[in-house]
Amino acid sequence: MHVRVESGDIAQAKAACIVVNLFEGVTSPAGGTGAVDRALDGAISKLIAQGDLRGKYGDLVLFPTFGKVPAPRVLVVGLGKSAEFNVDKVRNLSAEAARRLRAARVESFATITHGAGIAGLDPQACAQAIAEGTLLGLYRFRQHKSASGTEDDAGEVKEAIIVEHDASKTDVLQAGADTGVVMAEAANFARDLANEPANVLTPTEFAHRAQSLAAAVGLEGEILARPQMEELGMGALLGVAAGSHQPPKLIVLRHRHGDGAALGLVGKGITFDTGGISLKQAAGMEEMKGDMSGGAAVIAAMGAIARLKPAINVTAVVPATENMPGGGAIRPGDVLKAMTGKTIEVINTDAEGRLILADGIAYARKLGCSSIVDVATLTGAMAITLGNVAMGMMGNDEALMNRVKAAAAAAGEKCWELPLFEEYREQIKSDVADIKNTGGRNAGSITAALFLKEFVEDTPWVHIDMAGVDNYEKDKGVLVKGASGIPVRTLVNLALQMARG
Ligand code: BES
Ligand code: MN
Ligand code: ZN
């Protein structure tokens, strides 16, 4: 998919479809929509007068142009109420429009810059949102379908052109579109990793894909195997890996800029979570192939960071392993010694994410990360708390939390803070070790975060629990069925914002 910006008259654009828009309540369209209306002898105004075009948010009306303009069709996108319009809507509508065109077998479209006209939004942000929305919305995972293209899904949109009448604006719009493409390709890369079945995406394969990405975009990469983990004393990660025949890997990617301290991104890389000896129930267990979504997000974000080159050091650390109930598996009651020397009583082997992250976080600190953001599908409780609308955020540093909030808001990826009151710490006290790995049902997401906090010590840190937003059941705006690619764009924005100071 290509996204390019051209200056000219949208009505004269050469593409299989022209895309214009309409706010609710508008009876005589202006701007690009007005230009197309005039070229079509008032067809759009007539459709409005007739009640066939209302501009309701999400309305998509596609009709033929019968040779009045070079493009054979026009799609009018409903923007809704102008007072409620924003960049998130540009992104989501672009996704819906692109899917609609694909279903109609339209291979190319020329669009006006939704939001940059009378809505008065920042033109560069709108161009970025159009590119992001288009690429995110068109994503699909067909890796394991032997027939590529049934009757229903044969269409493919190959080209998007943003047409701007003011030639002085094209550079800014192209810059926005280019950033949007990088962001969306990164999120789609994370989706590819998370959608892969666990027999394909083993820890070894995960590490290979991270290394190929690193080679393609120019990141430093390093993969630690079991002997190095043993040397480093990563007893928590090795404990989880003990039940699996697949060897664990610890993936490290680095984006270098000068010799300042690095932002550390740590991602949970459980390539399949059976629960271990504390076995999960069968129903829905297939979803646990996505238990490496946090790790995938971190690695994918590094790809975008390498391409956008923010002036900041960023280090990604992803402990990757299966959580299996093999003969060597850890048992409830076992005590593990983490890399920091802290001992952990394993109450439930299904609380494995926090175990591998304990060593992942400790390793990021050892590598000199001066602030850490970890991302994980950590607790089912998170989905109970915030549903599939927002990710949970917890941390020990107000400034870093505010940065993450701003980065998420700019990405249109919702996040909400939960408290880490010290009273909750009681729940993870152990009688036999320094700490235990579960704190009971109450406040399950918070006690999981407090467990991680023990390994963060004084480093400024934010924990993102993305269980609940890692996977979706149907297409909606930029989200498509399957892996979400959340919070890749948040992480990239965070690095860009921190580089700006
Ligand atoms: N990977 C799961 C959490 C999860 C559940 C993510 C559903 C996405 C959807 C995690 O490893 C887990 O099993 N957590 C347990 C913790 C409990 C044993 C304290 C949970 O949430 O039940
Ligand atoms: Mn688990
Ligand atoms: Zn898990």
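This note goes through the metal sites, the nonpolar cores, the empty spaces and two single residues of a predicted model.

1. Basis. The model is predicted, so local features need pLDDT of at least 70 and side-chain atom pairs count only at pLDDT 80 or more, while totals for chains, interfaces and linings use all residues. Residues are numbered from 1 along each chain as its sequence is written, chains are lettered from A and ligands numbered from 1 in the order in which they are written, and side-chain values use heavy atoms, with hydrogens and water left out.

2. Zinc site. Lys268 (NZ), Asp273 (OD), Asp291 (OD) and Glu352 (OE) are the protein donors of the zinc ion (ligand 3), at 2.0 to 2.4 Å. Donors are N, O and S atoms within 2.8 Å of the metal (3.2 Å for Na, K and Ca); water is not among the atoms, so sites may look incomplete. Along the chain the zinc donor residues follow the spacing K-x4-D-x17-D-x60-E. The arrangement is octahedral because the six donor atoms subtend angles of 78 to 173°. Four donors count as tetrahedral if all angles lie between 85 and 135 degrees; four count as square planar and six as octahedral if opposite donors are over 155 degrees apart and all others between 65 and 115; anything else is irregular. Ideal angles for six octahedral donors are 90 or 180 degrees.

3. Manganese site. The manganese ion (ligand 2) has as protein donors Asp273 (OD), Asp350 (O), Asp350 (OD) and Glu352 (OE), lying 2.1 to 2.2 Å from it. The spacing of these donors in sequence is D-x76-D-x1-E. Angles among the six donor atoms run from 70 to 168°, and the manganese site is irregular.

4. The bridge. Asp273 coordinates both the zinc ion (ligand 3) and the manganese ion (ligand 2), which are 3.1 Å apart. Asp273 lies in strand E10 (residues 269-273) and Glu352 in the loop between strand E13 (343-345) and helix H10 (353-366), so the pair ties together parts that are 79 residues apart in sequence. Helices (H or I, at least four residues) and strands (E, at least two) are DSSP runs, numbered from the N terminus.

5. Burial at the metals. Asp273 has 2% relative accessibility and therefore counts as buried; Glu352, at 0%, counts as buried. Lys268 is buried too. Buried means under 20% relative accessible area, exposed over 50%, partly exposed in between (1.4 Å probe, protein chains only).

6. Nonpolar cores. The largest core holds 95 residues, and those with the most contacts inside it are Phe206, Ile251, Leu253, Leu263, Leu265, Val373 and Val488. Helix H5 (residues 170-195) gives the largest share of this core, 11 residues. Another core, of 49 residues, lies apart from it and includes Leu224, Ala362, Tyr363 and Ala449. A nonpolar core is a set of buried Ala, Val, Leu, Ile, Met, Phe, Trp, Tyr and Cys residues joined through side-chain atoms within 4.5 Å. Leaving out residues up to four places away in sequence, Ile251 touches residues including Phe206, Ile299 and Val318. Contact means heavy atoms within 4.5 Å.

7. Cavities. There are two cavities of 30 Å³ or more, and the largest has a volume of about 80 Å³. On a 1 Å grid over the protein atoms alone, a cavity is a set of points where a 1.4 Å probe fits but cannot get out, and a pocket is an open set with protein on both sides within 12 Å along at least five of seven lines; lining residues have an atom within 4 Å of a point. Among the residues lining the largest cavity are Val19, Leu93, Phe109, His114 and Thr134. H3 gives the largest share of this lining, five residues.

8. Second largest pocket. The space in this pocket is about 520 Å³. It is lined by 27 residues, of which Ala30, Gly31, Gly32, Ile112 and Gly117 are the closest to its centre. H1 contributes the largest share of the lining, four residues.

9. Gly412. This residue lies in the loop between helix H12 (398-411) and strand E16 (415-417). Gly412 is partly exposed, with a relative accessible area of 33%. Not counting residues up to four places away in sequence, Gly412 touches Asp88 and Arg91.

10. Asn188. Helix H5 holds Asn188, which counts as buried at 12% relative accessibility. Asn188 touches Leu135, Leu136 and Tyr139, again not counting residues up to four places away in sequence.

Methods: Points joined across faces, edges and corners; volume = space filled by probe spheres on them.
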